[in-house]
Amino acid sequence: MSRLHPVTALTKTLGYAVQWASVPFFLVSILSGAFDVVRIDWVFSLAPVGFLLGAAYGLVEYYRFEYELSEDTFDLASGVFSRRDREIPFRRVQNVDVSRGIVQRLLGLAVVSIETAGGGDTEATLRYVGEGEANWLQREIRRLTAENDEIEADEQEGLEPDPTERPEPATAGTSGDRRPTHLFELDQVELGLLSLTTAKLSASMVVAVVTAFGGDAALGLVLSLARPFGGPAQLAGASPLEYAALALSSALYGAVATYLVGVVYTFVGYYGFRIGEAGDDLVYERGLLQRYSGSIPTEKIQTLSIVENPLQRAIGYAGLRIETAGYGPDGGGNQSAIPLAKRSRVERFVARATGIESGDFDRPPTVARRRYLVRYSVIAAAIVAAAGAAGIVWGLPYWYASALAVLGAPVGAHLRWTNLGYDLREDHLLVREGFWRRRTHVVPYYRLQTVSTRRSVFQRRLGLASLVIDTASSRTFVRGTPTIHDLSLSTARSIHADCRERLEDARRTRAREERALSVAFT
Amino acid sequence: MESLHSRVRAVWIVRAVVVACVLAVAVAAAERWLVDTLPAAALVAVGLVAAGVGIGHALVLYSRWGFELQDDALYLERGVVTFVETSVPFVRVQHVDTEFGPVERALGLSSVVVYTAGSRNADVTIPGLRPERARRLQDTLRDLAVESEGEDAV
């Protein structure tokens with residue numbers, strides 16, 4: 001059994017010491033205010049006791065945390081008072097990630113996370129191990145995973161013992177003759193374009209929180225920024241027109257700030273991105289301040305998705321994401337294989353991985369477009385009604401300008417419809433959808449879990465149906481299950497049946513190949 | 001196509017009535033807090049309408065529910081507002097549970113839950129089966145899943 005890096009003993013000891021010392025500090029502070037029996041000077045005796053106990057706990061926890069690579073499982077034993085022994089079969093490992101923060105990089109440390117398909121959590125986190133140890137673990141687990149995978153029994157390279165020696169903790173990162181074959185590296189231009197064309201909605205949270213905690217300074221800034229637009233001098237007692245100007249300018253500046261935060265976030269996160277192939281795995285690394293690296297066994301890949309927004313489409317660029325069934329710190333089993341590159345290059349990558357050159361997409365019937373027109377018109381009408389109500393009740397000026405929203409409905413309906421598409425290929429199903437964030441999923445029939453044909457009341461009236469293709473990709477709320485929207489019912493039914501048949505075929509072919517292999521080996 | 005046991009309607013109706021009662025009480029509480037002018041009859045009406053919708057939903061749902069063991073997959077169809085037809089290939093069945101809640105138990109019914117590794121329809125429930133039918137279905141599904149086992153895709 002091995003232990004974590006000795007520095008961990010120090011961080012754990014200090015961490016728990018401070019934590020345990022602060023508990024009596026706060027308890028005594030609060031209780032002394034409420035009860036006369038409790039005196040505030042107890043802090044001086046209780047806090048050091050808590051500090052010592054915490055330090056002892058941290059140290060013991062360090063010594064009680066052990067891990068080991070056995071022949072076919074990764075074993076983890078941890079816990080001071082309640083012990084936990086965990087064995088993770090290598091066959092079930094989805095990905096192994098290594099991340100390094102700034103301080104950790106200075107100290108030569110890393111965090112290793114091991115993911116399997118089940119559970120809502122990372123199955124094993126080693127915080128911290130030496131950098132050399134982390135790389136060795138990542139490589140070794142990958143090798144053992146491949147070895148334990150029966151399907152991969154034919155991959156002879158995967159079976160030979162790892163030529164790299166386990167490094168001494170001191171000599172970090174010296175070994176590495178199993179260099180991955182280079183597949184893609186994000187160059188400066190691509191990184192710039194990626195940062196500039198990516199809108200991160202989550203960045204708006206950062207802006208909101210900063211504004212909320214900025215207090216008077218933030219309020220003053222917001223007010224002074226709104227002045228040129230006719231905003232109020234003070235928050236209280238302004239006219240409706242001034243409030244409207246304030247709201248509008250705040251929204252505008254908020255959007256700009258969100259965009260800028262997103263640009264910085266993307267730049268820092270994807271700086272120095274590169275991905276390569278090592279044995280049967282894809283290995284990648286990225287990050288300016290915090291460095292991430294991870295491995296994805298190719299055998300575990302569920303779907304590939306080409307992702308592009310209108311800006312990126314306009315300049316002919318696209319990104320490629322890989323979905324596995326794992327969970328991880330970064331949106332889990334959804335990893336960027338190519339953050340952004342020329343579309344043709346992304347297509348070549350897909351072609352290499354799946355043999356699909358380019359999609360020849362069929363669109364849903366035009367009735368679907370009519371349906372979206374109705375849907376968007378209803379939304380537009382609601383917006384106009386809300387604006388009208390605001391105009392009458394609060395005297396919102398120019399509320400009738402919201403009637404422009406009605407013009408958006410047909411445009412939106414057409415764009416939604418025109419970006420929909422599906423293509424049934426030999427071994428893969430291609431599903432395309434979305435205008436703002438167009439996703440083209442490449443789903444191998446072999447990865448299908450369930451197939452559903454869904455028809456809402458409205459769809460039934462128009463004779464339409466949506467086909468939901470479920471795979472074992474990660475359960476995230478943001479990224480929906482690949483769905484072919486609004487097919488005619490008969491087409492949906494026939495694709496539904498087709499998918500089932502092709503899953504069965506793919507399975508049989510695989511089983512036959514496997515049998516042939518095992519015969520060849522015996 | 002096999003339909004559910006007719007007593008499942010009672011389970012759903014009981015559920016709908018409970019929900020309607022909770023809704024009526026919630027509306028009554030909100031009304032007390034905010035306006036406090038509506039007559040009690042209006043609140044009873046809210047409860048009755050909710051119960052009526054729920055009961056109607058239960059009856060239609062029963063008439064639409066069906067499942068079938070086909071040669072490669074478990075096939076189900078159900079739904080009132082959105083009608084859904086789902087195929088769960090036997091190879092994809094991870095495990096199968098039988099379970100029953102208090103109302104189901106009182107009415108002598110049981111449910112079968114089929115789990116897959118998928119993300120959206122990861123668990124498929126067939127409610128309203130006699131316990132022996134549920135047990136038999138569970139066994140059949142397990143056998144079919146084992147029989148058709150290839151290399152699992154996760």
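**Figure 1. The interface of chain A and chain B.** Chain A and chain B bury about 2900 Å² between them, with 41% of that area on carbon and sulfur atoms. Look for Q449(A), R500(A) and R507(A): these three residues supply 22% of the area that chain A buries against chain B, more than any other three residues. In terms of contacts, 39 residues of chain A meet 31 residues of chain B. Please keep in mind throughout that this is a predicted model.

**Figure 2. Salt bridges and polar contacts between the chains.** Three salt bridges are found across the interface of chain A and chain B. One pair to zoom in on is E85(B) with R493(A), a salt bridge whose closest N and O atoms are 2.7 Å apart. Polar contacts between chain A and chain B number 14 residue pairs, counted with both residues at pLDDT 80 or more.

**Figure 3. The side of chain A that touches chain B.** Four elements of chain A each give two or more residues to this side: strand 17 (450-455), helix 14 (457-462), strand 18 (464-470) and helix 15 (489-521). Helix 15 of chain A gives the most, with seven residues. Sorted by character, the residues on this side of chain A comprise 16 charged, 13 polar and ten nonpolar.

**Figure 4. Strand pairing from one chain to the other.** Here strand 17 of chain A runs antiparallel to strand 3 (residues 83-89) of chain B, and the two pair over five bridges. To find your way along the pairing, start at R454(A), whose bridge partner in strand 3 of chain B is V84(B).

**Figure 5. Annotated transmembrane regions of chain A.** An unreviewed UniProt entry gives the annotation "transmembrane region" to residues 14-34, 40-60, 201-223, 243-268, 373-392 and 398-415 of chain A. Two of these spans are worth a visit. Residues 14-34 of chain A are 100% helix and 0% strand, with end C-alpha atoms 31 Å apart. Residues 201-223 of chain A are 87% helix and 0% strand, and their end C-alpha atoms lie 24 Å apart.

**Figure 6. Annotated transmembrane regions of chain B.** For chain B, the "transmembrane region" feature in UniProt (unreviewed entry) is placed at residues 12-34 and 40-62. In the model, residues 12-34 of chain B are 100% helix and 0% strand, and the end C-alpha atoms are 32 Å apart. Residues 40-62 of chain B are likewise 100% helix and 0% strand, with 33 Å between the end C-alpha atoms.

Terms used
Residues are numbered from 1 along each chain as its sequence is written. Chains are lettered from A and ligands numbered from 1 in the order in which they are written. This is a predicted model: local features need pLDDT of at least 70, side-chain atom pairs count only at pLDDT 80 or more; totals for chains, interfaces and linings use all residues. Side-chain values use heavy atoms; hydrogens and water are left out. Contact means heavy atoms within 4.5 Å. Buried area is the accessible area (1.4 Å probe) that two parts lose on being put together, summed over both. A salt bridge is a side-chain nitrogen of Lys or Arg within 4 Å of a carboxyl oxygen of Asp or Glu. A polar contact is a pair of N or O atoms within 3.5 Å; within protein, one must be able to donate a hydrogen and the other to accept it, and residues adjacent in sequence count only if both atoms are side-chain atoms. Ala, Val, Leu, Ile, Met, Phe, Trp, Tyr, Cys and Pro count as nonpolar, Asp, Glu, Lys and Arg as charged, and the others, Gly among them, as polar. Two strands pair if DSSP finds at least two bridges between them. UniProt positions are given in the numbering used here, feature names are shortened, and annotations may be inferred rather than shown by experiment.
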